[in-house]
Each structure stands twice: as structure tokens, then as C-alpha cells.
Amino acid sequence: MDEQENMEAVMGLIMYGGNAKSDAMEAIAAAKKGDFELADQKLKDADSSLSQAHESQTGMLTKEAQGEHMNVTLLAVHSQDHLMTAIAFKDLATEIIDLYRRLDEK
């Protein structure tokens, strides 16, 4: 994997992970206000960003499996950490929104 491809993949993970985390946070804020339609849309947006991040990650893993090794830099490690945090945050947001939904029904 050349340096340009490496940087694009790493930045893709950071960008899409960040977008997913932001969407999940906006989903929680919407649910807190009782706007569950917006909360659901924001969760879908977060899923879309995570899907794009996974595509980037899969490309990196495929090249690695084909013998095209990438240099593991601090930025590459950070991008993986960013993605995993976004996934965990989105999962937690889903649970928090479910709690707000239950409270709203009472």
C-alpha cells in the first residue's frame, strides 16, 4: 500500500468515525427533547458513516492480506481507536434513546 493510499484510508476511518459519533450524539440530544423521528434518522446516519468507515478498513485489511503491508504509524493506530470508539458510542446511544423512548411512553 503506497503512502497516499495509506493516508486516505486512515483519514477515512477518522472522518467517518467522527461523523458517526457526532450523529449518535445528535440522536441522543433529539431523543432527550422527545424528537424520536430525528433521533432515529441520526442513528441511521451514524450507521451509514460506520459502513463507509468499515469499507475503508476492509480495504486496508484486504491489502494487508495480499501482502501489501502498510506502515503502522501513530495516526493509523489513532484511526482504529477512533473507529472503535465511534462504534461503542453509537451502540450506547441506541440504548440511551431506547430509555428515553420508554420514559416518554409513561
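Reader: What share of the contacts in the protein chain with a separation of 6 or more comes from residues 24 or more positions apart?

Author: In this predicted model, residues 24 or more positions apart account for 83% of the contacts with a separation of 6 or more. The elements that the protein chain runs through from the N terminus are α-α-α, with three helices and zero strands.

Reader: How do you know what radius of gyration a compact globule of 106 residues would have, and what does the protein chain have?

Author: The globule rule is 2.2 Å times the number of residues to the power 0.38. For 106 residues this gives a value near 13 Å, whereas the protein chain has 16 Å. The C-alpha trace spans about 55 × 20 × 20 Å along its principal axes.

Reader: How do you know whether the span of helix α2 agrees with its 30 residues?

Author: The expected span is 1.5 Å times one less than the number of residues. For helix α2 (residues 36-65) that should be 44 Å, and the end C-alpha atoms are 42 Å apart, so the span agrees. After α2 comes glycine 67, with a positive phi near 95°.

Reader: Why is serine 49 called buried or exposed?

Author: A residue is buried under 20% relative accessible area. Serine 49 has 7% relative accessibility and therefore counts as buried. This residue is placed in helix α2. Beyond its neighbours within four places in sequence, serine 49 is in contact with Tyr16, Asn19, Ala20 and Asp23.

Reader: Which other residues of α2 are buried, and what covers them?

Author: Among the buried residues of α2 are Phe36, Ala39, Lys42, Leu43, Ala46, Leu50 and Ala53. Further along, Ser56, Gln57 and Met60 are buried as well. The cover over the buried residues of α2 includes α1 (3-32) and α3. An α-helix has 3.6 residues a turn, so residues three or four places apart point the same way. Over the 106 residues of the protein chain, 33% count as buried.

Reader: Why does leucine 75 count as buried, partly exposed or exposed?

Author: The partly exposed class lies between under 20% and over 50% relative accessible area. Leucine 75 has 33% relative accessibility, so this residue counts as partly exposed. Leucine 75 lies in helix α3 (residues 74-105).

Reader: What makes Leu75 eligible for a nonpolar patch on the surface, and which residues form the patch?

Author: Patch residues need over 30% relative accessible area, and leucine 75 has 33%. Together with Met7 and Met11, Leu75 forms a nonpolar patch with about 240 Å² of accessible area. For the protein chain, the accessible surface comes to about 6,600 Å², with 55% belonging to carbon and sulfur atoms.

Technical notes
Residues numbered from 1 in each chain as written. Predicted model: local features only at pLDDT ≥ 70, side-chain atom pairs only at ≥ 80, totals over all residues. Heavy atoms only, no water. Patch = residues over 30% accessible without salt bridge, like charges linked within 9 Å, V, L, I, M, F, W, Y side chains within 5 Å. Areas by Shrake-Rupley, 256 points an atom, 1.4 Å probe, with all protein chains shown as cover. Salt bridge = Lys/Arg side-chain N within 4 Å of Asp/Glu carboxyl O. Helix = DSSP H or I, 4+ residues; strand = E, 2+ residues; numbered from the N terminus. Buried < 20%, exposed > 50% of the residue type's maximum accessible area, 1.4 Å probe, protein only. Contact = heavy atoms within 4.5 Å.
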